[in-house]
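Me: I would like to learn how to read a structure of this kind. Where should I begin?

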Amino acid sequence: MAGIRVYYTSVTGSREVKQRQLEVLRILDGNHMKYELVDVSISERLLQEMRDKAGNPNAIPPQIFNGEQYCGDSRMLYEATENEEVGKFLKMATMEKAARGEIAI
């Protein structure tokens with residue numbers, strides 16, 4: 001499936017990871033974004049795939065992608081939200097144009 005993919009984990013003892021994952025989903029839902037969740041806890045291969053795509057062998061969930069393009073992590077998404085640049089962060093030009101009223105969604 002092309003589009004927004006969020007690599008997350010359904011199994012973590014880290015309160016911080018849980019909070020970051022919830023924040024990412026809240027932001028995406030609040031922007032009416034469709035996304036696919038990829039649970040890295042079900043397979044070591046998925047965890048390694050996430051890290052390879054992010055270019056960081058120590059990356060932890062959540063990590064956000066648009067298709068095969070790496071967008072960033074939860075902190076980067078939060079900053080983009082604060083700067084009203086979620087579409088830019090997600091590499092979605094049409095979302096930015098819609099926010100400026102240039103096109104209708």
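The turns below go from the overall layout to single residues.

Reply: Note at the outset that this is a predicted model.

Me: How many helices and strands are there, and in what order do the elements run?

Reply: Begin with the inventory. The chain holds five helices and four strands. Read from the N terminus, the order is β-α-β-α-β-β-α-α-α. Of the 105 residues in the chain, 38% are buried. Among contacts with a separation of 6 or more, 56% join residues 24 or more positions apart.

Me: Which residues of the largest nonpolar core touch the most other members?

Reply: The general idea is that, in soluble globular proteins, nonpolar side chains tend to be buried together. Here the largest nonpolar core has 13 residues, and those touching the most other members are Ile-4, Leu-28, Ile-64, Leu-77, Phe-89 and Leu-90. Two or more residues of this core come from each of β1 (4-8), α1 (15-30), α3 (74-82) and α4 (86-89). The biggest contribution, three residues, is from α1. Apart from this core lies another one of nine residues, including Val-40, Leu-47, Ala-59 and Phe-65.

Me: What is Leu-90 in contact with, beyond its neighbours in sequence?

Reply: Once residues within four places in sequence are set aside, Leu-90 is in contact with Ile-4, Leu-28, Met-33, Ile-64, Asn-66 and Cys-71.

Me: How do I read β1, and what does β1 pair with?

Reply: For a strand, look at its burial and its partner. Four of the five residues of β1 are buried, so the strand is mostly covered. Its pairing with β2 is in the parallel sense, over five bridges. Within β2, Tyr-35 is the residue opposite Ile-4.

Me: Why do the ends of α1 lie 22 Å apart?

Reply: Length along a helix can be checked by residue count. The 16 residues of α1, at 1.5 Å a residue, should span 22 Å, and the end C-alpha atoms are 22 Å apart, so the two values agree.

Me: Which residues of α1 are buried, and where on the helix do they lie?

Reply: The buried residues are Val-17, Arg-20, Gln-21, Val-24, Ile-27 and Leu-28. Viewed down the axis of α1, they fall within an arc of 130 degrees and therefore line one face of the helix. Their cover includes β1, β2 (35-39), β3 (63-66) and α3. On the face turned away from the buried side are the exposed residues Arg-15, Leu-22 and Gly-30. Just after α1, His-32 has a positive phi of about 55 degrees.

Me: What about Gln-19, which also belongs to α1?

Reply: Gln-19 has a relative accessible area of 45%, so it counts as partly exposed. Sequence distance and spatial distance should be read separately. Gln-19 and Pro-62 are 43 residues apart in sequence, while their C-alpha atoms are 10.0 Å apart in space.

Me: Is Thr-9 buried or exposed?

Reply: Compare its relative accessible area with the cut-off. Buried means under 20%, and Thr-9 has 10%, so Thr-9 is buried. Thr-9 sits in the loop between β1 and α1.

Me: What does Thr-9 touch?

Reply: Leaving out residues up to four places away in sequence, Thr-9 touches Val-17, Gln-21, Asp-39, Val-40, Ser-41 and Pro-61. Closer in sequence, a polar atom of the Thr-9 side chain lies 2.9 Å from the backbone oxygen of Val-11.

Methods. Residues are numbered from 1 along each chain as its sequence is written. This is a predicted model: local features need pLDDT of at least 70, side-chain atom pairs count only at pLDDT 80 or more; totals for chains, interfaces and linings use all residues. Side-chain values use heavy atoms; hydrogens and water are left out. A nonpolar core is a set of buried Ala, Val, Leu, Ile, Met, Phe, Trp, Tyr and Cys residues joined through side-chain atoms within 4.5 Å. Buried means under 20% relative accessible area, exposed over 50%, partly exposed in between (1.4 Å probe, protein chains only). Contact means heavy atoms within 4.5 Å. The expected span of a helix is 1.5 Å times one less than its number of residues. The arc is that of the directions from the helix axis to the C-beta atoms. A polar contact is a pair of N or O atoms within 3.5 Å; within protein, one must be able to donate a hydrogen and the other to accept it, and residues adjacent in sequence count only if both atoms are side-chain atoms. Two strands pair if DSSP finds at least two bridges between them.
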